[in-house]
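Here's a short set of exercises to work through with the model open beside you. Try each task before you read its solution.

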Amino acid sequence: MSEQHSSNSDVAETPVAAVKSLKRRFSLVWLVPVVAALIGGWLVVKALTEKGPEITITFKTAEGLEVGKTKVRFKDVEIGQVTGIIFSDDLSHVVVKAQLAKEAERFLSENTRFWVVRARVSASAIYGLGTVFSGAYIDIDPGKPGKPTHNFVGLEEPPVVTTGLPGRHFRLESERKASIEVGAPIYYRQLRVGEVVAYSLSEDGKKIVAKVFINAPFHGFVRQNSRFWSASGVDLKMDASGLQVYTESLVSIVVGGIAFDSIPSSHAPETQALEDAIFKLYSNRQAAQEQEYSIKNYFVLLFEESVRGLSPGAPVEFRGIPIGQVVDIKSEFDFKMNKVKIPVIVAAEPERISIAGKLPQGVTRENLIDHFVEKGMRAQLRTGNLLTGQNYVALDFFPNAKPAKLVRAGRYGHTEFPTTPTQLEEIGTRVSQLVAKLDKIPIDEIGQDLSATIKGARRVVTSPELMETVKSLNAAVQELQLLTAELRTRTAPELTATVEQARKSLAAAESTLGADAPLQNRLTTALEELAGAARALRVLADYLERHPESALFGKGKPE
Amino acid sequence: MKTPGPTARDAGLVACSVCHLLCPGQPPGRQARTDKCPRCGARLYSRKPDSIARSWALVIAACIFYIPANVLPMTTVTSLGTVQSDTIMSGVIYFVQSGSWPIALVIFVASVFVPLLKLFVLSYLLISVQRRSRSRLKDRTRLYLITEAVGRWSMLDIFVVTILVALVHLGALATIQAGPAALHFAAVVVITMFAAMSFDPRLIWDAKEKTDE
């Protein structure tokens, strides 16, 4: 304050106002750069700590990828961005650099897969439609944990199954590629439950091995006895019950597909199939549904007649039940006996024949066939289809057949099974038997009996008794005519009179009972009066109920 | 260079900065003391108190904020699923590439050139004042005036972003969101404006006075 006054005196010539001093405060302005530095520092620290790994992904082309725009997404959550696209050293690929978020670090391992999601249109589905507008993005499948790495080779096609998708993988083996296509649907009771993930040729080049994935919870339906079959296109079947069309879905008609179902069987347990279990892929539904027998016995059948109409694949039947099929047909000329022999190799599935009861003494499952042959079981060529001339091999018991035995380890290393000539020869013997029977018929005797019968009949017709009978019948008819005439002349008028009388009586009754009849009128009046009386009686009863004393003292005066 | 007339400080007087009441000044060397105007109660000072220190603080703060303002995205445009983040410079480059030179120029001048200019000019003025430089006093004063006048136009960018964010809200078709840079950029503009305000141009001339004495 004192300084203030002294300064006042210094400038005396200028009129000035007295001023109050103000306490000087610490300048807070330096807080501003401090705060700014703190914010800046925080941003830097944040950027540094959140900076994730930078990875490189090699693709064939960079179609749809743009630096600074294309995102890396995991489960549709953005976890990174493409920061650069360069060519590989040999110019054969592009190397995409991507900056990932920090949390993506733990996804990355050697099993991690990257692929570009673009709009794709296939026969079965349209994928990634959203990318038409938003542009392509890079998808990531973390895969199983493995060695960490930052350099990846991208997939050209999106993987069908990503890690974490619940379900189970199986392998299908088939001889032909058929309807195996990556992404081809797999159906269970026409329900889409999975997809073909990949396929490849087996190492020996004999089979196509398809890897399929069945989504949870349907993988539980794949059991050890399940059968897979190719469900491509339409399965047409014409049989006695008419035309049958099988198809799994419209999609499978176009792109093919695989169906599976469990076939009830005593051979395989009904337990769930394990991961990567191997199944056979059948060519169609029917083949899959046929019983599959693991035991196959090969036999050689030696035929001497023509096997025209018999081809590999022709059935071997036992009384109409297929028990195997023809595998191969060969031919050989036996110079020793000057005979042509045609060895037909068949594969039989003995499990198809089950045994009821106990086996006879000394007969086991193994030598059962010897027992049958002993009993007369033979193979025979038969015509299965008269139109096409397709033949089949029939097994049956021929008790009259020449005795024969199985020849173990015969031609082509298989057991030789005895045969019997074709039925055509047998038909000949049957016909002769028929002729012999015809011979035995006593035609002469039959003729004599017949003539005697005819004579007897004639005797009856010409007898006088018959004449008499006819005459008396005539008289009866005349009598009947007379009776009819009498009925017409006498009975009819009387009946008319009776009817007239009845009509009169009815008219009288109508006049008495008609709606306007006096009787009716009076009856109505009487009924009304009766109703009145009943009402009065009810009133009285009511009154009496309320005033029982009035029965003794009479009706009281109204108050 | 001659002074046109005596200064208030030479006369030992202080004019109230608010009501322009002429008050007795402080003796030289007592600048730290602050008084109150007896009429309006405003703070009295011959020169803005702590002018250089405050200006420096604010300029430094603005410089710090200027870095995230340019590094971080200013706008995030979501158009048909495409998300694109643009910083100030990438926006300018985009407009240049798409041929919209005038727009690019406006954005560049308002958002890059002016803030930088202000920061540099203020730094230069502060340094020159602290060094008691006597050269080009008039030009420096003019520079200060320009800086103060042009400062508010930097907010143009913020306004554009604000309007865009408010207007472009077409749901899935297109949406614009302000990025974190907008906040920092606004901070830069505001802080530089304060820095310019806290700088006392009379300090430029004080050097001249001092050497004249």
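**Exercise 1. Find the bridge partner of Phe59(A) in strand 5 of chain A, then place the strands around it.**

Solution. Start with the pair itself: Phe59(A) is bridged to Val94(A) in strand 5 of chain A. Helices (H or I, at least four residues) and strands (E, at least two) are DSSP runs numbered from the N terminus, and two strands pair if DSSP finds at least two bridges between them. Next, zoom out: strand 2 (residues 51-59) and strand 5 (residues 94-101) of chain A run antiparallel, joined by seven bridges. Now turn to strand 10 (residues 151-153) of chain A, which runs parallel to strand 2 of chain A with three bridges. There, Ile57(A) has Phe152(A) as its bridge partner.

Before going on, some housekeeping: this is a predicted model, where local features need pLDDT of at least 70 and side-chain atom pairs count only at pLDDT 80 or more, while totals for chains, interfaces and linings use all residues. Residues are numbered from 1 along each chain as its sequence is written, with chains lettered from A and ligands numbered from 1 in the order in which they are written.

**Exercise 2. Work out the strand order of the open sheet in chain A and say which strands stand at the edges.**

Solution. Seven strands of chain A make up this open sheet, in the order 6-9-3-4-5-2-10, with mixed pairing. The edges belong to strand 6 (113-117) and strand 10 of chain A; each has a single partner strand, so one side of each lacks a neighbour in the sheet. From one strand to the next, the twist averages 30 degrees (axes are lines fitted to C-alpha atoms, for helices over the stretch in contact, and angles run from 0 to 180 degrees between N-to-C directions). For a pair inside the order, take strand 3 (residues 71-74) and strand 4 (residues 77-87) of chain A: four bridges, antiparallel. Val72(A) sits opposite Gly80(A) there, in strand 4 of chain A.

**Exercise 3. Trace the barrel of chain A and find where strands 11 and 19 pair.**

Solution. Go round in the order 11-14-13-12-18-15-19: these seven strands of chain A close into a barrel with mixed pairing. Here the strand-to-strand twist averages 35 degrees. Strand 11 (residues 167-174) and strand 19 (residues 277-282) of chain A pair in the parallel sense over four bridges. As a landmark, use Glu173(A), opposite Lys280(A) in strand 19 of chain A.

**Exercise 4. Decide whether helix 10 of chain A is largely in the open or buried.**

Solution. First, its length: helix 10 (residues 518-546) of chain A has 29 residues and reaches 42 Å from first C-alpha to last, close to the 42 Å expected at 1.5 Å a residue (the expected span is 1.5 Å times one less than the number of residues). Then count burial: zero of the 29 residues of helix 10 of chain A are buried, so the helix lies largely in the open. Buried means 20 or more other C-beta atoms within 10 Å of a residue's own, exposed means 12 or fewer, and partly exposed is in between, with C-beta atoms placed from the backbone.

**Exercise 5. Find where confidence is lowest and highest in chain A.**

Solution. Chain A has a mean pLDDT (the predictor's confidence in each residue, from 0 to 100) of 79, and 86% of its residues reach 70 or more. Helix 1 (residues 2-10) of chain A is lowest, at a mean of 45, and helix 10 of chain A highest, at 89.
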